[in-house]
Amino acid sequence: MASKIILHIGLQKSGTTFLQHMLYDNRDVLAEAGFCYPVSLDWGKGKRTVPNHEWSSYGLLGTEFPWVSKRRAANKAAAWQALADQVATWPGTVLLSAEALSVIRAPAIGRLLDALGCDDVEVLVTARSLGRSLPSLWQQHVRNGKYTGFERYLESLAEWRERGPDYIESDPDSHLWRAFVLSGLVRRWSAAGVNRVRAVTTPGRPPEVLWHRFVEALGLPQLAQAEPTQEWHRAHAGLTAPETLVLASLNRLLNENRWKQRDADRLRDAVTERFQTREERGGKIVIPPEWRPTVAEWNREDLSALSGMGAEILGDIADLRYDPDGESGSAPTAEETGRAGADALFAAVGLRLNEPAPKRKVRAVRRILP
């Protein structure tokens with residue numbers, strides 16, 4: 001049985017995917033140091049390996065995650081059992097990484113800790129400024145097929161937040177604020193009985209700063225010089241402000257015309273891949289000017305509560321602060337949006353030209369053949 005378990009529970013958009021790929025790529029070095037970073041299997045996709053443990057956790061906690069159906073949870077049960085078996089057979093420290101764990105409520109935390117069956121559990125949270133996280137969250141919202149504008153997205157977050165911390169802690173759909181009110185997250189996991197909760201800050205760029213702080217938290221300086229692959233950098237380039245606007249408009253059209261999920265996802269993938277190869281991509285997504293005072297106040301409230309708890313912070317606390325006066329960037333111009341739209345059209349046409357001939361045409365040819 002594992003002598004210690006370290007849970008890296010996110011946050012989303014704090015470099016978690018980068019860390020997970022780095023940990024997965026260096027799992028042999030980790031093993032030599034007495035750490036197990038378990039191989040996780042996606043049993044719904046031909047048992048392919050994945051570099052994190054989120055989908056495996058669906059097999060245990062299921063619909064505790066609002067986006068997970070009962071059917072999907074049942075399909076992941078074998079993946080959870082495979083992960084639990086690896087935890088049970090490793091004699092040293094087990095490191096698990098799943099950003100979705102940041103949203104689970106207190107009863108689900110208890111279920112997870114009981115299932116892991118280890119008396120020594122530590123939690124690591126990677127975090128960045130709320131003013132940097134919210135634009136990334138909205139971008140991901142759009143990349144997942146939604147089309148809510150950024151200002152309306154912020155309005156909906158404000159409505160949830162105004163319902164108060166007790167509501168956020170109990171309501172299944174308030175998962176974003178359960179994760180991104182950092183003080184509440186630390187309090188929730190500490191109250192569950194874990195031995196230690198630490199927050200590792202990240203400035204966002206360069207990602208190597210986060211990696212160095214993370215391996216310092218693990219006590220593994222021998223991993224500090226590991227480097228991400230160029231393939232990773234290309235695969236995880238974000239979208240710019242004009243590109244996200246174009247993709248949101250495309251999502252609306254796909255929804256209104258009732259495209260099949262598979263076809264819509266395929267088109268979105270083609271468009272985002274095309275976006276990432278553009279030379280003139282436009283500016284980054286920033287908090288709209290009229291929302292900056294509100295986001296700054298949310299940020300101050302959280303950090304004030306966090307400091308009052310005596311939480312252990314690794315890195316620079318300034319990385320968690322949002323300064324609205326230091327916000328740089330402006331709304332996309334018509335020219336930037338137009339260029340992004342043209343690239344999206346180019347990607348869609350290219351996707352169509354590369355498609356195999358429709359089956360009905362094949363059948364028609366067969367009918368005239370002898």
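Two strands count as paired if DSSP finds at least two bridges between them. With that in hand, here are some close-up views of this predicted model.

**View 1. Strand 1 runs parallel to strand 5.** Strand 1 covers residues 4-8, strand 5 covers residues 93-97, and five bridges join them. To find your place, look for H8, which stands opposite S97 of strand 5. Strand 5 also pairs with strand 2 (residues 35-36), again in the parallel sense, over two bridges. Here F35 has T93 of strand 5 as its bridge partner.

**View 2. Strand 5 is covered on both faces.** Is this strand mostly covered or mostly open? Mostly covered: five of its five residues are buried. T93, L95 and S97 lie on one side, while V94 and L96 lie on the other.

**View 3. Strand 6 pairs with strand 1 and joins strand 7.** Strand 6 takes in residues 121-127. Its pairing with strand 1 is parallel and made over four bridges, with I6 opposite E122 of strand 6. Six bridges link strand 6 to strand 7 (residues 196-201), and these two run parallel as well. In that pair, V123 stands opposite V197 of strand 7.

**View 4. Both faces of strand 6 are covered too.** All seven of its seven residues are buried. V121, V123, V125 and A127 are found on one side, and E122, L124 and T126 on the other.

**View 5. Helix 5 keeps its buried residues on one side.** This helix (residues 77-89) has 13 residues and reaches 19 Å from its first C-alpha to its last, close to the 18 Å expected at 1.5 Å a residue. Which of its residues are buried? They are A79, W80, L83 and V87. These residues cover an arc of only 100° around the axis, which puts them on the same side of helix 5. An α-helix has 3.6 residues a turn, so residues three or four places apart point the same way.

**View 6. The largest nonpolar core has 80 residues.** Within this core, I5, L7, I104 and W189 touch the most other members. Helix 14 (residues 241-256) gives the most to this core, with six residues. Take a closer look at I104: leaving aside residues up to four places away in sequence, I104 touches L61, E64, F65, I109, L112, R178, R188 and W189. Apart from this core lies another, of 23 residues, with Y24, F35, F214 and L218 among them.

Conventions. Residues numbered from 1 in each chain as written. Predicted model: local features only at pLDDT ≥ 70, side-chain atom pairs only at ≥ 80, totals over all residues. Heavy atoms only, no water. Core = buried A, V, L, I, M, F, W, Y, C linked by side-chain atoms within 4.5 Å. Buried < 20%, exposed > 50% of the residue type's maximum accessible area, 1.4 Å probe, protein only. Contact = heavy atoms within 4.5 Å. Expected span 1.5 Å × (residues − 1). Arc of directions from axis to C-beta.
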